[in-house]
Amino acid sequence: MSKGPVPFPIFGKKARDILYKDYNFDQKFSWSTTSEFGLSVTAAGVKFDELFIGDIRVQHKSGRNTVDVTIDCDSKVSTAVTFDEVVPGLKTSFGFKVPDQKSGKLDLQYLHDRFALNSTIGLTSAPVIELATTIGTNELAVGGEVGFDSTSASVTKYNSGISYTKDDFSAALLLADKGETLKASYIHLFSPTSAVAAEVMHRLKTKENYFTIGSSHALDPSTTVKTRFSNSGKAGLLCQHEWRPKSYVTLSAEYDPKVVSSPARFGVAVALSP
């Protein structure tokens with residue numbers, strides 16, 4: 001594990017990855033290649049119903065600096081320039097979209113042995129400012145985040161939480177949605193190839209409760225199977241196979257008994273890398 005506490009946006013991420021990451025119920029395709037000079041190109045597309053959208057991403061790494069340029073099918077260009085370790089522990093990123101003149105933003109992340117700080121500042125005359133901070137150790141950490149819109153002089157979000165992490169398990173408790181939702185997540189690693197995770201959510205105003213449980217197991221070094229179940233009756237299954245280095249085929253399926261017309265849905269994602 002790392003020396004310092006994890007940033008607040010990472011609280012509960014390991015459990016969420018088991019439960020939700022890579023599940024896809026559309027048709028996705030991506031192709032990527034990387035040169036020895038630090039230049040990589042990725043073309044990706046997704047088809048859902050009769051609509052197809054895609055983008056091309058070009059990334060160049062030089063030392064600790066990275067430039068990302070993404071062009072989508074609407075000819076919009078997103079650019080991000082990242083400077084890592086400008087000073088020890090500090091990561092800076094500047095991003096903007098063309099032709100959106102109000103899309104510019106500055107992201108800062110500072111990691112220390114006893115605290116972590118993340119901030120996002122909109123580069124406009126009346127910016128939206130978001131700040132997240134964590135204090136503690138690599139095992140026990142408490143943190144929170146707040147967002148402020150200077151245009152309306154209003155708080156857009158505030159969340160808080162606590163995270164406890166060991167080598168074989170991790171747990172997080174979050175008070176989210178401006179204090180309206182209580183979330184708890186847990187992941188347990190039985191071995192390097194098998195894990196189970198659970199997430200419980202309680203709406204404080206409506207007294208509603210939701211939960212999702214899931215598992216991940218590597219059948220062999222190239223094949224991983226994931227399952228998940230929720231209190232609504234939904235059941236999901238995922239199988240991901242690395243058929244060659246860095247090239248994956250992922251099949252997803254989900255059954256929802258509440259959808260009478262079409263309770264089952266399926267998806268496939270193919271990622272190729274020469």
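**Exercise 1. Decide whether F115 is buried, partly exposed or exposed, then describe its aromatic pair with Y110.**

Step 1. F115 has a relative accessibility of 30%. Buried means under 20% relative accessible area, exposed means over 50%, and partly exposed is in between, using a 1.4 Å probe and protein chains only. F115 therefore counts as partly exposed.

A word on the model before we go on: it is predicted, so local features need pLDDT of at least 70 and side-chain atom pairs count only at pLDDT 80 or more, while totals for chains, interfaces and linings use all residues. Residues are numbered from 1 along each chain as its sequence is written, and side-chain values use heavy atoms, leaving out hydrogens and water.

Step 2. Y110, at 28% relative accessibility, is partly exposed.

Step 3. Now for the rings. A pair of aromatic rings is described by the distance of the centres and the angle of the planes. Rings of Phe, Tyr and Trp (its six-membered ring) pair if their centres lie within 6.5 Å; planes under 30 degrees apart are stacked, over 60 edge-to-face, and the rest tilted. The structure holds five aromatic pairs. One of them is tilted because the ring centres of F94 and F96 are 5.6 Å apart and the planes stand at 45 degrees. Y110 and F115 also form a tilted pair, with 5.8 Å from centre to centre and 40 degrees between the planes.

**Exercise 2. Which residues form one aromatic cluster, and which ring has the charged end of R228 over it?**

Step 1. The cluster is made of Y164, F169 and Y186.

Step 2. A charge sits over a ring if NZ of Lys or CZ of Arg is within 6 Å of the ring centre and within 35 degrees of the ring normal. The charged end of R228 sits over the ring of Y23, 4.0 Å from its centre.

**Exercise 3. Locate K178 and K246, and state what phi each has.**

Step 1. K178 lies in the loop between β12 (169-176) and β13 (181-191); strands (E, at least two residues) are DSSP runs numbered from the N terminus. Its phi is near 55 degrees, a positive value in a residue other than glycine. K178 is partly exposed, at 37% relative accessible area.

Step 2. K246 is in the loop between β17 (235-244) and β18 (247-255). K246 is not a glycine either, yet has a positive phi of about 65 degrees. With 62% relative accessibility, K246 counts as exposed.

**Exercise 4. Where is P99, and what is the peptide bond from V98 to P99 like?**

Step 1. Find P99 in the loop between β6 (90-98) and β7 (105-111).

Step 2. The bond from V98 to P99 is cis, with omega near 15 degrees.

Note on methods: Helices (H or I, at least four residues) and strands (E, at least two) are DSSP runs, numbered from the N terminus.
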